[in-house]
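Please look over the sequence and the fold shown here before reading the report.

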Amino acid sequence: MIVATLLLAWQRLYFEMQNAHRTALSEAESIMTVVELSNAMSNTNVSPWLSSASSRFSEVVSSSYCSGGRCTADYRQAKAPLCSAGELWDSVCVQSFPRGSALSYVQVRHSLMPAYHATLRDLLVVSVVALLGLGTWFSAEQRLRQQVLRREDQLRHAARHDALTGLLNRAAFDTVLAEHLARPKAERGPATLLYMDLDGFKHLNDTHGHHMGDLVLREVTRRFGQALQDARTSLGRLGGDEFAVILPDVSEPLAVAAAVDALTESLVAPFEAEQMSAQLGVSIGAVVLDAEVHTAEEALRRADVAMDEAKRLGHGKLVLFDDLLGSRARRRQFIQSELRPAIMQGQLFLEYQPQVGMDGGVRGVEALVRWRHPRFGVIRPDEFISVAEETGLILPLGMAVIEIACRDLVALRAQGVALPYVSVNVSPRQLADPQLVAGLTGALRQNGLGPADMELEVTEGAVMEVNGAESSVLDHLSARGFRIAIDDFGTGYSSLSRLQRMKVDKLKIDRSFMDGLGEPGHDPVLVDMMLSLAKRLGVKSVAEGVETQQQADWLRRAGCQMIQGYLYARPMPLEQLANWMATHSGDHDGDEDVWSPTVSAEL
């Protein structure tokens, strides 16, 4: 800008100098004309004429008339020098000759100060404008820089913090945790990582919408912040309703429990907003950040395993990670990775436990799935069923059980075994599957069976939880001729109105009620009530887990219709079942509803 200003000033001065030179020539010619007029009038003294003509021009600082080699008259302002005195920086000298003669002439010294003044004036104007522009540019640049800095701060904050709650996001929390673990053990001191999952938040979100869920998450963040008093505590939201916190200087179980108590207490008060009131809890997994934990990934994995165990145990629990929990987690991971191939490769098989009438005759069998791994042998169902539920593999697993049960029933009948039906367990996720009815009827049709050949067992808790489509599926299956049995009855929270509305064929009293049954001093009021309820509803009653003759005798006297348990038979593979049933046919004449032949129903 300075260079441009100087160039502009130089250019302006150059043109002003050129203009001053032309003006000086014009003024000299005018003065020469006056002098010639004086000569024409035979005036010997031209000085007054020269002075009069020169004074008309303010920029003429001196002039002289020369003729015959000498100057006879001159005019000057103040003490201005004549041209003969030499050139000066503040003026320019020009000569004007009369037409047709070079013997006489007028010399005029013309002032350059107006040119300098005009140039300086323009330079000042340009400078002021340039300074104003520079100031405006500088101010705008400063504002822009501040905006950029603010935007960069916002971007850095957004990159590290959750947009909804303002807490550290997953990536930033991982970084903080990794930095903590990277410090030398002597510097970082003891610390504990908590992995927290809100209990009941999914139901709240589904019921009241995401807007209400966001309001609750902000309030949870505020309460957690108040409960964590140490400013060094790092709290982050890992996603959804999952939070994590690093507790510095906390490693002893009692100290961990105290911090957890503060967090859980902060959620005791109901969450209220826009005419909504909800109660939430929190399940927490904890891992001590000791020398065995080297990376943030490992720490979070362990805390997540502990949190999953806390959720499995029930709401509002704290579980501290240990080696046993870690080995169980690795076992579950192994099962999860191996279960799908097991279903596809036919590693599943069924064992059957008979349901026996009070006369000792077999009324049906319950199919119990087993897994024979090619390398690790038989894996217990309590290990892989829960994994199948969590991963969604319960759908292909359940269909595989149905298909195997159909084939085994056909095989038994081909051997002359008169088995009325086979009972299979159906999970809530299967009831929610729109392909369940088609899969069931397809498997039966493929094996030449009908709906009366299969009983579907649904746990009491599942029956009470299903709504809408799942409930209509049960009604639809019952209408098609499938037997519906309520399993584990007495352990859930049955609604009698729901039971009365549903088409239920059988209530299976849970094995937990069999302990002490028939012994002196034991009050069997609950079992008696359940048997009476089954009778009033007009459905069959089955007692599970019967192991002693004393229990069986009491159940017989109380009017129970069927028994299932070790007293009569343990679960057995298909090959043993045929031999066992040959000696336990019993008398079915008075129980036509249970002992019914296959019905050729339209599937």
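The report below takes up the basis of the model, the nonpolar cores, a helix crossing and a sheet.

## Basis

This is a predicted model, in which local features need pLDDT of at least 70 and side-chain atom pairs count only at pLDDT 80 or more, whereas totals for chains, interfaces and linings use all residues. Residues are numbered from 1 along each chain as its sequence is written, and side-chain values use heavy atoms, with hydrogens and water left out.

## Nonpolar cores

The largest nonpolar core (buried Ala, Val, Leu, Ile, Met, Phe, Trp, Tyr and Cys residues joined through side-chain atoms within 4.5 Å, buried being under 20% relative accessible area with a 1.4 Å probe, protein chains only) has 79 residues, and Y352, L397, M454, L456 and L555 have the most contacts inside it. Helix 12 (residues 394-414) gives the most to this core, with eleven residues; helices (H or I, at least four residues) and strands (E, at least two) are DSSP runs numbered from the N terminus. A second, separate core of 31 residues includes M196, V245, V250 and L280.

## Helix crossing

The axes (lines fitted to C-alpha atoms, for helices over the stretch in contact) of helix 4 (residues 170-182) and helix 9 (residues 296-313) come within 8 Å and cross at roughly 110°, on a scale from 0 to 180 degrees between N-to-C directions. Helix 4 is therefore roughly perpendicular to helix 9, a term for angles of 65 to 115 degrees. Contact (heavy atoms within 4.5 Å) involves, among others, F173 and L177 of helix 4 and A299 of helix 9.

## Sheet

An open sheet of four strands has the order 2-1-4-3 with antiparallel pairing, where pairing requires at least two DSSP bridges between two strands. Strand 2 (70-76) and strand 3 (91-96) are the edge strands. Strand 3 pairs with strand 4 (residues 104-111) over six bridges, and V94 has V108 as its bridge partner in strand 4.

Key:
Buried means under 20% relative accessible area, exposed over 50%, partly exposed in between (1.4 Å probe, protein chains only). Angles under 35 degrees count as roughly parallel, over 145 as roughly antiparallel, 65 to 115 as roughly perpendicular and the rest as oblique.
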